Amino acid sequence: MKRESVISQLADKEKVFDFVVIGGGATGLGIAVDAVTRGYSVALFEQNDFTKGTSSRSTKLVHGGVRYLAQGDVSLVLEALRERGLLRNNAPHLVKDQTFLIPCYHWWEGPFYTIGLILYDLMAGKLSLGRSICVGPKRALRTIPRLVSKGMTAGVIYHDGQFDDSRLAMNLVRSAVDGGGCVLNYMKVTDLLKEGNKVSGVVVCDLESDTVYNVKAHSVINATGVFADDILQMNEPGKRRTVRPSQGVHLVLDSSFLESDCAVMIPKTSDGRVLFAVPWHNKVVVGTTDTLMDCPVDEPVALEQEVQFILETAGKYLTKAPKRSDVLSVFAGLRPLAAPRSEGTKTKEISRSHKLIREKSGLITIIGGKWTTYRKMAQDTLDLAIRYMHVPTRDCKTETFAIHGSKPSPDFTDPLYVYGSDAEEIKQLSQSSPEMGEKLHPDYAYTVGEVVWLIRNEMPRTLEDVLARRLRILFMDARAAMAMAPQVASILARERGKDINWQEKQLEAFNKVASNYILN
């Protein structure tokens, strides 16, 4: 997947794509895959790297949303549970069953949560991942030895999905490009093209070459998440804000804080939300918060009160209470929530259902939603767009579409399992010479060959792209990522034909970003 060959699709100035998608997060990439699998032409433009924003900063769960059931949002839960099952079938190398345990410290909690979760299982139907059961304190503590035992009355075990967000996103990029899509990062949409009062395409600038393209399309879709209002302002200056970003923060700890493959779910924290502690790549991801923010930024930073809230809440339930010095990485993401009509509305009360908006100009915007339902969001968006287009209607194919890399019965103990069917190529490259087999860090399995393969096949342009969203080491262990950075920068510069000056600038830029992932 070479960026140069993909961008060549823009050379024909008279070409009219069926769809132009703005935004390379989960939703935008889902729309691109849906379009190519239906046989439509599509171009997708992302101003940064794919999933630079919200879509690489999730809790790493593919779930129906137990708390949405408690809020009475049954339709969202039904949709999410169905999509969870479909995604596990379509990307079995990235989505797996994750067992959860709810520790109960009041007599009524065991039966209360068990009844709710049995209903949750029944709603999943044939796509259920397992049966929920209530167990005694002894079994609960055998399941997760690091839970506080004092006062425990029971534990409720249930099943949900766990995944790797940015790896799934890259497989969606590959799926779209495999299908003939023009999918590009570092392409900033600077304006909308219009014929009369109708949107007819976009003006896009290649941020690497400063080349400007006028790209025509039958339909333009705004899937920019928390930045959706920027595109809406291009269409109609002064339009009322439609998105209110809500910040979610996660802390990453060593696996010793759970000593279990089972995750913990705390159903009601002091702020009325849930807290998860989820095993992920031999680490534990703990979160999240829900802080209403005034405006979106490219690189959100965790607030001190958010960090303290997670540490204090986790410390109430874990015998080994985490301290600031235990945090390997801290990352923050912004959820694109539909702006509440009332400023006093709490973010946890705003529905996570997605919302479609069609402007008089024909511009279509999708906001809200979550990773689990990305496929349905894409389908709904395209179905709406096609209704107003003068093109043949074609049915959605993604319910049973095997995403690039799909591999049945993967070996989840293999460090390369996240690459699915591509893993063999990486192993062969890493074994091709002693240099390619060299490890990048003594504590991790990453090799020079793996990085070279990523650079040649997954379109990373910067050092941050490689360490944050291809390897994900920045999200797992920020100090290790900084230690690996000089060698990875050298590999990237060599593969891209860049000089030492470029390499040093990449290191400086990466270290500046990475410093936000470390608690001082």
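The following exercises, with worked solutions, concern buried residues and salt bridges in a predicted model. Residues are numbered from 1 along each chain as its sequence is written, and side-chain values use heavy atoms, leaving out hydrogens and water. Local features need pLDDT of at least 70 and side-chain atom pairs count only at pLDDT 80 or more, while totals for chains, interfaces and linings use all residues.

**Exercise 1.** Determine which residues of helix 11 are buried and where they lie around its axis.

*Solution.* Step 1: helices (H or I, at least four residues) and strands (E, at least two) are DSSP runs, numbered from the N terminus; helix 11 covers residues 423-430. Step 2: buried means under 20% relative accessible area, exposed over 50%, and partly exposed in between (1.4 Å probe, protein chains only). Ala-423, Ile-426, Leu-429 and Ser-430 are buried in this helix. Step 3: the buried residues of helix 11 fall within an arc of 125 degrees, so they line one face of the helix. The arc is that of the directions from the helix axis to the C-beta atoms.

**Exercise 2.** State which parts of the chain the salt bridge of Asp-49 and Arg-470 links.

*Solution.* Step 1: a salt bridge is a side-chain nitrogen of Lys or Arg within 4 Å of a carboxyl oxygen of Asp or Glu. The side chains of Asp-49 and Arg-470 meet this rule at 2.7 Å, N to O. Step 2: Asp-49 lies in the loop between strand 2 (42-45) and strand 3 (61-62), and Arg-470 in helix 13 (residues 463-470), 421 residues apart. Step 3: both Asp-49 and Arg-470 are buried.
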